[in-house]
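Here's a quick briefing to read with the model open beside you. Have a look at the fold first, then work through the points below.

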Amino acid sequence: MSNNKLFADVILPLPLNQLFTFSIPVELAHEIEKGKRVIVQFGARKIYTAIVFRIHAVKPENFEIKEILSVIDHQTVVNDYQFKIWNWISDYYMCSLGEVYKAALPAGLKLESETQVVYNPDYIETEKLNKTELLVVDFLSKVNTSTVYEIAKAINRKNILPIAVSLLQKNAISINEHLVETYRPKTELFVRLHSDIKSEDDLNVVLESLKRAPKQNTVLLTFIELSGVYILPNPVDVKKKALLQQSNSNHQILKSLIDKNILEEYDTPISRLATHSESTSEFKTLTDTQQSAYLSIKEQFIVKQTVLLHGITSSGKTEIYIRLIDEQIKLGKQVLYLLPEIALTAQIINKLRVVFGNKVGIYHSKFSDAERVEVYQNILNPEDSRSYQIIL
């Protein structure tokens with residue numbers, strides 16, 4: 001093995017108090033980073049989504065090292081600050097990092113798998129297959145796709161993994177770990193001009209051709225009006241639903257335009273999260289008592305990491321928090337605002353959104369998992385203008 005061989009210590013979502021080491025294939029070395037999700041095989045058949053915790057060149061001794069199968073992410077899903085918190089939680093609560101990982105990430109960012117074997121219809125026999133291999137290939141040629149368990153049962157063999165590996169090397173089959181994302185982005189149908197229409201002249205020819213199809217012509221003219229294509233410097237995206245409503249048309253008429261390669265439909269992911277006005281209002285003027293408390297807190301933070309602000313309900317503490325939050329955002333930082341119960345969220349979030357608009361995000365157990373995934377992903381990239389800067 002080359003001295004340049006790299007290894008990754010990964011966190012598996014298991015209650016085992018250790019990291020697990022896998023080798024990094026040369027072809028994946030440029031993709032793998034600390035904090036990314038990777039697919040690994042653990043045990044005889046089980047496939048897990050692991051989080052890369054450390055990359056190094058020290059080969060473990062006394063046991064066989066398996067390779068990482070693939071990389072899921074283009075960007076990291078866990079950063080160094082989060083890893084520090086995970087380590088603290090693991091130590092303080094005496095649990096494994098795997099258990100912290102399971103609790104920390106939304107279920108939609110953790111994948112499940114079922115091993116499937118797929119027949120290769122283009123397979124050409126260049127190496128002679130043995131009797132068992134022929135049985136497997138013959139079975140798969142009839143069913144196309146099957147699980148390892150089903151194949152073993154069909155040919156009456158307990159362990160066909162070595163056979164599967166051999167057939168894989170001979171290109172007779174492919175082995176898919178059928179990864180099922182529990183999170184699915186919410187999408188909405190939009191309509192645009194077909195790619196064959198490349199200029200305003202092309203569009204005029206199409207309009208001329210639709211003179212004998214007035215209903216289709218109305219839909220196309222409505223699309224042009226809504227989108228501003230060839231009129232506005234930046235045409236507007238047109239929702240299919242809005243186009244049908246504005247043109248007082250139906251799906252069949254729109255389908256006719258699509259079949260003629262005049263318009264085309266496409267899916268666009270949309271947020272499940274409520275959107276709010278980006279415009280914000282000015283801060284309320286602090287009372288003398290609030291101003292005194294605000295200045296005192298700033299003085300305390302010079303020498304202390306934690307300051308207690310004590311006040312009865314409706315005494316005006318939130319206005320002070322808003323000033324302190326604004327200072328951190330102006331420094332390019334994010335703020336985590338913890339509340340003791342979900343019931344308090346509505347009134348606090350309304351106050352914050354009046355000032356900070358769409359910079360505020362909410363994350364709690366009453367959200368669906370899909371919503372929690374979207375909030376988590378919005379937090380990942382603080383440089384993105386759409387990212388949340390205040391999380392409740």
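**Quick tour of the model**

Pro13 sits in the loop that runs between β1 (7–11) and β2 (20–23). Keep in mind that this is a predicted model. The stops below cover chain contacts, salt bridges, the core, surface patches and a couple of backbone oddities.

**Far in sequence, close in space**

- Pro13 counts as buried because its relative accessible area is 15%, under the 20% cut-off.
- From Pro13 to Gly98 it's 85 residues in sequence, but just 4.3 Å in space, C-alpha to C-alpha.
- Asn4 belongs to the segment before β1, and its C-alpha atom is separated by 6.9 Å from that of Ala57, 53 residues away along the chain.
- Unlike a buried residue, Asn4 is exposed, with a relative accessible area of 66%.

**Salt bridges**

- How many salt bridges does a search of the whole structure find? The count comes to 14, and three of them are picked out here, starting with Asp80 and Lys34.
- The side chains of Asp80 and Lys34 meet at 3.3 Å, N to O.
- Asp80 is in helix α1, while Lys34 is in the loop between β2 and β3 (37–41), so this salt bridge ties together parts that are 46 residues apart in sequence.
- Both partners are partly exposed: Asp80 has 45% relative accessibility, and Lys34 has 37%.
- Glu188 pairs up with Lys239 in another salt bridge, with 3.8 Å between the closest N and O atoms.
- That pair links distant parts of the chain, 51 residues apart, with Glu188 in strand β9 and Lys239 in strand β10 (residues 238–239).
- Glu188 is partly exposed at a relative accessible area of 21%, and Lys239 is partly exposed at 38%.
- Lys298 and Glu327 also form a salt bridge through their side chains, at 3.0 Å from N to O.
- Here the link is between two helices, with Lys298 in α10 (residues 288–303) and Glu327 in α11 (residues 317–330), 29 residues apart.
- Lys298 counts as partly exposed at 33% relative accessibility, and so does Glu327 at 24%.

**The nonpolar core**

- Which residues have the most contacts inside the largest nonpolar core? They are Leu193, Leu220, Phe223, Leu243, Ile262 and Leu263, in a core of 21 residues.
- The elements giving two or more residues to this core are strand β9 (186–193) plus the helices α6, α7 (214–227), α8 (240–246) and α9 (251–259).
- Helix α7 gives the most, with 4 residues.
- β9 turns up twice in this briefing: it contributes to the core, and it holds Glu188 of the Glu188–Lys239 pair.

**Surface patches**

- On the surface, Asp196, Glu200, Asp201 and Asp202 gather in a patch of negative charge.
- Glu200 lies in α6 (residues 200–209), one of the helices that also feeds the core.
- Is Glu200 buried or partly exposed? With 44% relative accessibility, Glu200 counts as partly exposed.
- There's a nonpolar patch on the surface too, made of Trp88, Tyr92 and Tyr93, and together they have about 420 Å² of accessible area.
- Tyr92 is in helix α1 (residues 80–92), the helix that also holds Asp80 from the salt bridge with Lys34.
- Tyr92 counts as exposed because its relative accessibility is 54%, over the 50% cut-off.

**Positive phi, but not glycine**

- Asn144 has a positive phi, near 75 degrees, even though it's a residue other than glycine.
- You'll find Asn144 in the loop between α3 (131–143) and β7 (145–147), where it is partly exposed with a relative accessible area of 39%.
- Asn248 isn't a glycine either, and its phi is positive at about 50 degrees.
- Asn248 sits in the loop between α8 and α9, and both of those helices give residues to the core.
- Asn248 itself is exposed, with a relative accessible area of 73%.

Technical notes. Residues numbered from 1 in each chain as written. Predicted model: local features only at pLDDT ≥ 70, side-chain atom pairs only at ≥ 80, totals over all residues. Heavy atoms only, no water. Patch = residues over 30% accessible without salt bridge, like charges linked within 9 Å, V, L, I, M, F, W, Y side chains within 5 Å. Areas by Shrake-Rupley, 256 points an atom, 1.4 Å probe, with all protein chains shown as cover. Salt bridge = Lys/Arg side-chain N within 4 Å of Asp/Glu carboxyl O. Lys, Arg positive; Asp, Glu negative; His and termini not counted. Charge placed at Lys NZ, Arg CZ, Asp CG, Glu CD. Buried < 20%, exposed > 50% of the residue type's maximum accessible area, 1.4 Å probe, protein only. Core = buried A, V, L, I, M, F, W, Y, C linked by side-chain atoms within 4.5 Å.
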